[in-house]
Amino acid sequence: METDLIKTGFFKREERIKNPADFKKLFKDGKKISIPGAKLFFLENGLGMNRVGFPLMRGYGNAVERNLSKRYSREVYRLLKSHLNTGYDMLFLIYPGNDSFHSRCDQIRLLCQKAGLIQE
């Protein structure tokens, strides 16, 4: 996947879901899409931008594995965000297992395609 780095920019602080109430709302009311190894919860947010979170399953390895997994997920999202429709809150729930950058790219791209979030 090729992207224009000027277009993608940085993963800004206001693009992150931080509030626990927002996480609970997405888990409770959000639409769910799942593939082997990952799940996407998404819901319209009424804002002009997407917000995203990367929770991990309980018991997901040690701190090094958790941090690496989140780092991969954030980078894949940053590269993909210019191709996504705006106005959604998204949670990418990742399960332990095959943890590489390329597998994470495939997982997140497939989840977004199945959810209809990628612009045509």
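1. Start with a side-chain pair. Glu15 and Lys81 are joined by a polar contact of 3.1 Å between their side chains. Bear in mind that this is a predicted model.

2. Where does Glu15 sit? Its place is the loop between α1 (5–8) and α2 (20–29). Glu15 counts as buried, because its relative accessibility is 9% and the cut-off for buried is under 20%.

3. Next, the strands. β1 (residues 31–35) pairs with β2 (residues 38–44) in the antiparallel sense, over five bridges. One pair to look at is Ile33 with its bridge partner Leu40 in β2. The two strands β1 and β2 form a hairpin, with two residues between them. In the turn, Gly37 has a positive phi of about 95°.

4. β2 has another pairing to check. β2 and β4 (residues 88–94) run in the antiparallel sense and pair over seven bridges. Here Glu44 has Tyr88 in β4 as its bridge partner.

5. Now the second largest pocket. Its volume is about 160 Å³. Which elements each supply at least two residues of its lining? They are β3 (51–53) and α3 (63–80). Among the lining residues are Phe11, Phe23, Val52, Gly53, Lys70 and Arg74.

6. What is the character of that lining? The residues lining the second largest pocket divide into five nonpolar, one polar and four charged. Arg16, Ile17, Lys18 and Phe54 are also part of the lining.

Conventions: Residues numbered from 1 in each chain as written. Predicted model: local features only at pLDDT ≥ 70, side-chain atom pairs only at ≥ 80, totals over all residues. Heavy atoms only, no water. Helix = DSSP H or I, 4+ residues; strand = E, 2+ residues; numbered from the N terminus. Buried < 20%, exposed > 50% of the residue type's maximum accessible area, 1.4 Å probe, protein only. Polar contact = N/O pair within 3.5 Å; in protein donor to acceptor, adjacent residues only side chain to side chain. Pairing = 2+ DSSP bridges. 1 Å grid on protein atoms, 1.4 Å probe; cavity = no way out; pocket = protein on both sides within 12 Å on 5 of 7 lines; lining within 4 Å. Points joined across faces, edges and corners; volume = space filled by probe spheres on them. Nonpolar A, V, L, I, M, F, W, Y, C, P; charged D, E, K, R; others polar.
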